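Hi,

Here is the structure I promised to pass on. Have a look at it first, and my notes on it follow underneath.

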Amino acid sequence: MRKKIIAGNWKMHLLADSALELARGIAEDLKDVQEVEIAIFPPSPYLILMKEVLNGTPVKYGAQNMYFEEKGAFTGEISPGMLKDIGCSLVLIGHSERRKIFNEPDSLLNRKLKTALEFQLLPYFCIGETLEERESGKLFKVIETQLKEGLAGISEKQLESVVVAYEPVWAIGTGVVATPEQAQEMHAFIRDWFRKNYSEKTAENIRILYGGSIKPDNIQGLISLKDIDGGLVGGASLKLESFTQLVRYSR
Ligand code: PEP
């Protein structure tokens, strides 16, 4: 039985006071929720503050990005050891904004994934096609390539500590959510990819989240689908009420 996850990606939003207030609110309002795994990805400068607020609560937290080297002359980067040091247990790898705005290719994401796993940071590996790729009929090929190259050399055992987030780029921050049919079709395709390339067991166990304009009024139609194991949420994770609703609706 795959435990559902609701994860909030705060992107480059909030300042220290509002980040702390939101994290505290989430931990307090959702303290009794056991059926759903709750995760947040605050901006990096505020991660260190999360330790105090979230320690001993069911809310996990992690970074929106990291570098693949352990240490060294990499100005501006954050190492996996640093993330562990400040209590992170998770990291987003390959969010479409990293892929597109910061030109992160699959080969780089593969290195980041491997390092995250080495440091026992659970990666949420994000994949997804653009509108153009969908409309030109290349969508399954694109997803297959992202899986194949991103996960190259990652073992079946390591996959027990990986979450996949399918986020169609055209649905992120646009208000255009994938229809339940579109989402289920792709999630089933991704699960099947794991069946073919790893095993039935991996396919059955790996959690595949949907991301892209999730809101309290559309989550139920998505979360109830067979192959959708939760949501990675941007905009609606920035308000306490909508985020807590998303978690409650996913129970
Ligand atoms: C995201 O940033 O991963 C995301 C899905 O954003 P939004 O929910 O705002 O579309």
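A word on naming before anything else: helices (H or I, at least four residues) and strands (E, at least two) are DSSP runs, numbered from the N terminus. Keep in mind that this is a predicted model, where local features need pLDDT of at least 70, side-chain atom pairs count only at pLDDT 80 or more, and totals for chains, interfaces and linings use all residues. Residues are numbered from 1 along each chain as its sequence is written, and side-chain values use heavy atoms, with hydrogens and water left out.

Let's start with the pocket. A pocket here is an open set of points on a 1 Å grid over the protein atoms alone, where a 1.4 Å probe fits, with protein on both sides within 12 Å along at least five of seven lines; lining residues have an atom within 4 Å of a point. The largest one has a volume of about 490 Å³, a volume being the space filled by probe spheres set on the points, which are joined across faces, edges and corners. Its lining has 19 residues, and K11, M12, Q64, R98 and F102 lie nearest the centre. Helix α4 (residues 96–101) gives the most to that lining, with 3 residues. By type, the lining splits into 9 nonpolar, 6 polar and 4 charged residues (Ala, Val, Leu, Ile, Met, Phe, Trp, Tyr, Cys and Pro are nonpolar, Asp, Glu, Lys and Arg charged, and the others, Gly among them, polar).

Now the ligand. There are 14 residues around the ligand, and K11, E167, G173, S213 and G234 come nearest (near means a heavy atom within 4 Å). What does E167 offer to an oxygen atom of the ligand? A polar side-chain atom, at 2.6 Å. A polar backbone atom of S213 is 2.7 Å from a ligand oxygen, and an N or O atom in the side chain of N9 is 3.2 Å from one.

N9 also leads into the strands, since N9 stands opposite F41 in β2. Strands β1 and β2 pair in the parallel sense over 6 bridges (two strands pair if DSSP finds at least two bridges between them). Is β2 enclosed or open? In β2 (residues 36–41), 6 of the 6 residues are buried, so the strand is largely enclosed by the rest of the structure; buried means under 20% relative accessible area, exposed over 50%, and partly exposed in between (1.4 Å probe, protein chains only). V36, I38 and I40 point one way from β2, and E37, A39 and F41 the other way. In a regular strand the side chains alternate between the two faces of the sheet.

Strand β8 (residues 230–233) is covered on both faces too, with G230 and L232 buried on one side and G231 and V233 on the other. It pairs in the parallel sense with β1 (residues 4–9) over 4 bridges and with β7 (residues 207–211) over 2 bridges. L232 in β8 has A7 opposite, and G211 stands opposite L232 as well.

Some single residues to finish. K112 sits in helix α5 (residues 106–118) and is buried, at 2% relative accessible area. V177, in the loop between β6 and α9, counts as partly exposed at 24%; its C-alpha is 8.6 Å from that of G211, 34 residues away in sequence.

Cheers

Notes: A polar contact is a pair of N or O atoms within 3.5 Å; within protein, one must be able to donate a hydrogen and the other to accept it, and residues adjacent in sequence count only if both atoms are side-chain atoms.
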